[in-house]
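Biologist: Can you take me through this structure? I have the sequence and the coordinates open and will ask as I go.

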Amino acid sequence: MSISFMMEGLIKLYKEWHGDAPVDCSRLPGAGSNRAYYRLTDADGCTVIGCVGTSREENEAFIYLSRHFASKQLPVPEVLAASNDNLCYLQTDLGATSLFDAIRAGREAGGKYNEQERELLRRTIQELPRLQFVGHEGLDYSHCYPQPQFDQEGIFFDLNYFKYCFLKATDIDFHEVRLEADFHALARDLLAEPSASFLYRDFQARNVMIIDHSPLTIDHSTSPEDAPANNGQWSMVNGQCYIIDFQGGRRGPYYYDLASFLWQASARYPDSLRRELINEYYTGARQYTTLPPRSEFDRRLRLFVLFRTLQVLGAYGFRGYFERKQHFIDSIPPAIQNLRELLDSQTDEESSSCDYPYLSEVLRRLTTHFSTHKGNVTFIPPSLPLHSPFTPQQLVVRIFSFSYKKGIPEDESGNGGGYVFDCRSTHNPGRYEKYKQMTGLDEPVIRFLEEDGEILTFLESVYRLADAHVERYLERGFTSLMFSFGCTGGQHRSVYSAQHLAEHLNKKYGIEVHLCHRERGISQTFGASQ
């Protein structure tokens with residue numbers, strides 16, 4: 001079932017909930033999932049967030065968890081309405097400022113966070129034990145997706161993710177049987193931790209929204225618990241953090257989320273700040289459960305830092321070097337630095353090398369490997385030899401929009417012209433007076449085409465064909481590929497389609513794309529990102 005088809009269900013759900021259709025429906029930037037988010041606006045400017053997704057079970061997990069957490073007065077988005085099949089739902093709009101955005105200046109200054117940024121981090125870490133322990137009370141984990149608890153199967157999924165999607169993509173040789181033995185020992189120790197808490201699994205700064213991020217007044221005399229409640233959740237006060245995207249949560253040990261947050265690769269939290277936030281968490285969590293002595297707590301936390309680091313490196317390897325998504329590639333060097341610091345900081349008594357000697361040896365060789373190559377190792381999927389002279393950057397894609405009245409663009413490479421797509425089967429904005437002077441780059445035309453939906457269905461087929469062709473060309477080391485989109489005037493539909501394919505291919509594969517809207521006299525180059 002296509003996202004465009006489910007969009008119709010989202011608009012229908014909004015009309016049933018609100019009484020009228022939205023006056024605007026804008027798609028929000030996506031991440032790595034099959035879920036699409038939209039901001040829907042009514043005539044008074046009030047907004048809600050709509051979600052559509054192809055996984056009913058994942059949506060049902062979010063809806064259940066959100067309603068459960070809201071009943072506990074935890075700071076999460078409220079589910080306002082859901083379709084009968086749970087493939088789409090509406091939730092409160094928490095704005096556009098994530099914690100990751102709010103502390104950008106400190107991160108870009110190399111981890112030199114000011115007091116306002118530190119206060120936002122303290123407020124966030126104070127919410128974590130409440131979510132884990134208060135949220136755990138009365139929670140029916142059978143609703144969780146894809147599994148109800150942190151278990152051996154999930155641990156080995158993550159460890160093998162690291163082994164096959166990251167470690168095997170390097171030049172490092174390793175003994176797979178010996179490594180597997182240490183994986184079993186690590187899994188045994190991870191599972192020895194108590195699991196009477198909710199494990200968020202992806203607790204990090206991008207999944208925390210900050211309300212009304214105007215200059216923050218720091219007042220330690222009040223806490224989020226003192227804020228007045230509104231419809232089962234906290235009032236949206238300045239500086240309040242709201243937690244989102246918890247649909248992958250499950251029952252599990254509380255150390256995992258703390259490790260996930262404080263050792264987020266791209267955050268670059270200095271050790272002094274990490275220690276401060278661990279203190280905040282330790283003090284807060286003791287209100288809800290009995291914790292081990294601080295030295296033992298720190299030792300166990302490091303175990304989960306190690307595991308979480310391996311898990312994210314596996315994800316970065318797959319999303320970055322196999323799917324060629326630049327954000328994940330950029331996150332690898334700081335993740336390796338986290339791993340290096342973890343290995344270097346341990347004393348002989350507390351070192352994981354005592355319990356996992358071969359894993360420790362492999363990881364030290366891995367960090368040395370990155371130091372030798374200055375963190376700029378090129379990873380290429382197994383279908384393309386690691387040392388092949390053909391790298392993804394050498395493929396150049398040329399994309400044109402044009403008018404059929406003026407002929408199909410010529411192929412200057414001599415390869416025969418590639419693909420030509422006819423956009424004239426889709427609804428034409430040029431038939432309407434108010435759009436005649438606009439192009440497919442203008443927001444009103446974009447909104448018209450996307451709300452109509454025909455162009456989105458058309459491009460779904462184009463993307464599947466283009467992705468398969470680009471991937472094959474990358475594997476075979478070819479250097480030139482051409483796509484052309486034609487419509488009646490080369491102004492609306494073809495311009496929209498060419499622009500979106502260019503952005504899609506550049507973002508997904510990191511390849512160089514030359515875009516030409518021929519009849520508009522507009523050219524643009526999207527540079528290679530690897």
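**R294 and onward**

Modeller: R294 is partly exposed, at a relative accessible area of 27%; buried means under 20% relative accessible area, exposed over 50%, and partly exposed in between, with a 1.4 Å probe and protein chains only. This is a predicted model, where local features need pLDDT of at least 70, side-chain atom pairs count only at pLDDT 80 or more, and totals for chains, interfaces and linings use all residues. Residues are numbered from 1 along each chain as its sequence is written, and side-chain values use heavy atoms, with hydrogens and water left out.

Biologist: Which helix is R294 found in?

Modeller: Helix α10, residues 294–322, contains R294. Helices (H or I, at least four residues) and strands (E, at least two) are DSSP runs, numbered from the N terminus.

Biologist: What does the side chain of R294 make a polar contact with?

Modeller: With the side chain of N279, at 2.4 Å. A polar contact is a pair of N or O atoms within 3.5 Å; within protein, one must be able to donate a hydrogen and the other to accept it, and residues adjacent in sequence count only if both atoms are side-chain atoms. The C-alpha atoms of R294 and N279 are separated by 9.3 Å, with the two positions 15 residues apart along the chain counted as their spacing.

Biologist: And which residues is R294 in contact with, leaving aside neighbours within four places in sequence?

Modeller: R275, I278, N279 and Y282, where contact means heavy atoms within 4.5 Å.

Biologist: New topic. How much of helix α8 is buried?

Modeller: Eight of the eight residues in α8 (residues 255–262) are buried, so the helix counts as mostly covered. Those buried residues pack against α3, α5, β6, α9 (271–285) and α10.

Biologist: How far apart are the end C-alpha atoms of α5?

Modeller: They are 29 Å apart, and the 20 residues of α5 (residues 115–134) should span 28 Å at 1.5 Å a residue, which agrees. The expected span is 1.5 Å times one less than the number of residues. Helix α5 is mostly covered, with 17 of its 20 residues buried. At its start, a side-chain oxygen of N114 comes to within 3.1 Å of the backbone nitrogen of Q116.

Biologist: Strands now. Which way do β3 and β5 run, parallel or antiparallel?

Modeller: Antiparallel, with five bridges joining β3 (residues 47–53) to β5; two strands pair if DSSP finds at least two bridges between them. Strand β4 (residues 79–82) is also antiparallel to β5, over three bridges. Q91 in β5 is the bridge partner of I49 and of V79.

Biologist: How many residues lie between β4 and β5?

Modeller: Five, and the two strands form a hairpin; N86 in the turn has a positive phi of about 60°. Strand β5 (residues 88–92) has five of its five residues buried.

Biologist: What about S98, buried or exposed?

Modeller: Buried, at 7% relative accessibility. S98 is in the loop between β5 and α3 (99–102), and its contacts beyond four places in sequence are A205, R206, V208, M209 and I210.

Biologist: And β12, what does it pair with?

Modeller: β12 pairs in the parallel sense with β14 (residues 480–487) over eight bridges, and with β15 (residues 512–517) over six, also parallel. F400 stands opposite S484 in β14, while S401 has H517 in β15 as its bridge partner. Seven of the eight residues of β12 (residues 396–403) are buried, so the strand is largely enclosed by the rest of the structure.

Biologist: How many disulfides does the structure hold?

Modeller: Zero, taking a disulfide as a pair of cysteine sulfur atoms within 2.5 Å. For C51, the closest cysteine sulfur is in C88 at 8.6 Å, too far for a bond. C51 is buried, at 0% relative accessibility.

Biologist: Last one. Where is confidence lowest?

Modeller: In strand β9 (residues 233–234), at a mean pLDDT of 35, while strand β6 (residues 198–199) is highest at 98. Over residues 213–237 the pLDDT is below 50, and that stretch has 59 contacts beyond near neighbours in sequence. pLDDT is the predictor's confidence in each residue, from 0 to 100. The protein averages 85, and 86% of the residues score at least 70. Where pLDDT is low, the predicted coordinates should not be read in detail.
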